[in-house]
Amino acid sequence: MSTPAHAPASPSPGPLSHIYGEVRDLPLAAPVAAVAVGQPFRQYICDACGYIYDEALGDVDSGLAAGTRFEDIPDDWYCPLCGVTKSDFELFEAPSIEALRAQASQHAPVWNAATRHQAGVVIVGGGRAGWQMAEALRAADAALPITLVSACAADVYDKPLLSIAMARQMAPDKLVKESGADAARRLNVRLLAHTDAVRICADTRTLRTTRGSLRYDHLVLAHGAQATLPAALPAALCWRINHLGAYQRLRAALGDSAKDVVIVGAGLIGSELANDLALGGHRVTLLDVAAQPLARWPTDEAGQPLLTAWEDLPILFKGGVQVSGVERIGTRYRVSTACGQRFAADQVIAATGLATAPRLAQSAGLAWNHGIAVDAASLRTSVERIHALGDCITINGQASRFIEPIARQARTVAAAICGQEPVPYQLKPAVVRVKTTTHPLTLH
Ligand code: FE
């Protein structure tokens with residue numbers, strides 16, 4: 001990208017800690033008058049997740065003041081939602097109403113006499129992977145019948161925001177970018193919301209759901225993973241925050257006053273939630289069997305700097321403890337550990353890992369390896385005409401539960417289903433950005 005002659009010199013790229021070090025001292029949304037000369041502000045879209053960088057707003061959490069021009073962003077800035085770098089962004093121009101109308105009139109109505117005999121593609125899952133799949137298929141074929149089955153309303157939202165929404169003072173209902181119904185209309189998709197996929201009959205190419213059976217020409221499993229619970233944490237007594245609905249209910253339960261929250265599990269999700277709830281004014285006790293938070297990564301890179309950053313926040317980290325039980329005491333809860341400690345809480349959150357529910361895959365006899373085993377390049381499962389992507393899959397036994405790969409996976413699957421030139425999926429090592437805004441970390 002060329003730099004316009006009137007733009008100021010770019011700040012020299014430095015380590016992220018340097019950028020963040022400055023952020024906290026910046027006034028929020030400080031206008032940068034010098035760069036606004038002449039040109040209107042532009043928007044840039046993240047190719048991986050759809051996050052839009054708006055020059056007018058900047059990205060204050062990352063130290064980019066309102067008015068920061070895209071070309072002035074350091075090269076090591078990364079997408080605050082999915083973690084890809086600046087080079088994965090491109091200029092975004094919102095389509096005009098006229099353009100949208102023209103696009104809509106090009107698309108023949110899908111559910112008509114010509115396509116009625118086609119079963120088309122059935123997608124299971126209304127999260128990011130499911131909708132990315134629908135987008136990629138629709139981009140490849142304007143007339144393909146697509147049905148999306150979702151256990152919830154399938155509203156479109158950015159899941160990474162669930163762990164930074166309080167710090168950003170975002171109301172839970174403002175997290176929905178587009179309702180499931182609107183997304184379905186826009187993409188000409190038949191949406192079966194609040195519908196559970198129960199069983200796959202691969203012989204007859206039928207998916208049985210709680211609202212009847214659906215035939216498919218191709219089936220795509222994009223139903224994600226579920227939060228796992230150790231036996232000591234009964235589901236009725238603790239929250240599992242892996243989707244918007246649960247998050248909205250938690251926020252409602254927390255209400256507007258400061259509460260005591262015990263979070264069990266100090267991995268990525270637990271640490272991000274602890275950080276966000278503390279910034280939101282709640283008192284957090286974070287428990288983990290490991291001695292440090294983020295124990296999957298070297299202590300000096302992850303756990304120790306995080307604990308240092310948390311010194312000024314109401315977060316009490318207790319490492320090396322095994323939770324042995326949770327009881328309800330009146331309107332509150334008591335969390336006990338095997339070593340005899342007790343913690344009182346208004347709410348208890350379990351952040352003890354994710355696992356793919358095996359039932360649907362087992363019903364079709366799909367190969368399984370800690371998740372739905374797919375071919376690394378094609379993302380096909382072991383059964384013909386069934387693909388899978390997103391959090392529910394494993395490649396060589398490894399899950400990758402991050403945002404960035406999903407759009408690329410969807411393009412791979414769409415090309416295969418629509419008979420286009422193959423787009424082999426490239427497995428890349430994950431770079432994890434921990435959205436602990438007091439001390440953002442980049443982990444490899
Ligand atoms: Fe992104």
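Two strands count as paired if DSSP finds at least two bridges between them. With that in hand, welcome to this predicted model; let's start with one strand and its partners.

**Strand β4 and its neighbours**

Strand β4 covers residues 121-124, and Ile 123 stands opposite Leu 148 in β5. The pairing of β4 with β5 (residues 146-149) is parallel and runs over four bridges. Strand β12 (residues 218-221) also pairs with β4 in the parallel sense, again over four bridges. There, Leu 219 of β12 is the bridge partner of Val 122.

Are the faces of β4 covered or open? Both are covered. Val 121 and Ile 123 are buried on one side, and Val 122 and Val 124 are buried on the other.

**Helix α3**

Between β4 and β5 in the next motif comes helix α3 (residues 128-140): the three elements make a right-handed β-α-β unit. The helix has 13 residues and reaches 18 Å from its first C-alpha to its last, close to the 18 Å expected at 1.5 Å a residue. Because ten of those 13 residues are buried, α3 is largely enclosed by the rest of the structure. Among the buried ones are Trp 131, Met 133, Leu 137 and two arginines, Arg 128 and Arg 138.

**The three-stranded sheet**

Elsewhere, an open sheet has the strand order β2-β1-β3 with antiparallel pairing. Its edge strands are β2 (52-54) and β3 (89-92), each of which pairs on one side only. On average, neighbouring strands here are turned by 35 degrees against each other, direction ignored. Strand β1 (residues 43-46) is joined to β2 by three bridges, and Tyr 44 stands opposite Tyr 53 in β2.

The strand pairs with a bridge count are gathered here:

| Strand pair | Sense | Bridges |
|---|---|---|
| β4 and β5 | parallel | four |
| β4 and β12 | parallel | four |
| β1 and β2 | antiparallel | three |

**The iron site**

Which residues hold the iron ion? Its protein donors are the SG atoms of Cys 46, Cys 49, Cys 79 and Cys 82, lying 2.3 Å from the ion. These donor residues are spaced C-x2-C-x29-C-x2-C in sequence. Cys 49 lies in the loop between β1 and β2 and Cys 82 in the loop between β2 and β3, so this pair ties together parts that are 33 residues apart in sequence. Both Cys 49 and Cys 82 are buried.

Why is the arrangement tetrahedral? The four donor atoms subtend angles of 103 to 117 degrees around the iron ion, and the class requires all angles to lie between 85 and 135 degrees. For comparison, the ideal angle for four tetrahedral donors is 109.5 degrees.

Methods
Residues are numbered from 1 along each chain as its sequence is written. This is a predicted model: local features need pLDDT of at least 70, side-chain atom pairs count only at pLDDT 80 or more; totals for chains, interfaces and linings use all residues. Side-chain values use heavy atoms; hydrogens and water are left out. Buried means under 20% relative accessible area, exposed over 50%, partly exposed in between (1.4 Å probe, protein chains only). A crossover is right-handed if, with the strands pointing away from the viewer, the path from the first strand over the helix to the second runs clockwise. Axes are lines fitted to C-alpha atoms, for helices over the stretch in contact, and angles run from 0 to 180 degrees between N-to-C directions. The expected span of a helix is 1.5 Å times one less than its number of residues. Donors are N, O and S atoms within 2.8 Å of the metal (3.2 Å for Na, K and Ca); water is not among the atoms, so sites may look incomplete. Four donors count as tetrahedral if all angles lie between 85 and 135 degrees; four count as square planar and six as octahedral if opposite donors are over 155 degrees apart and all others between 65 and 115; anything else is irregular.
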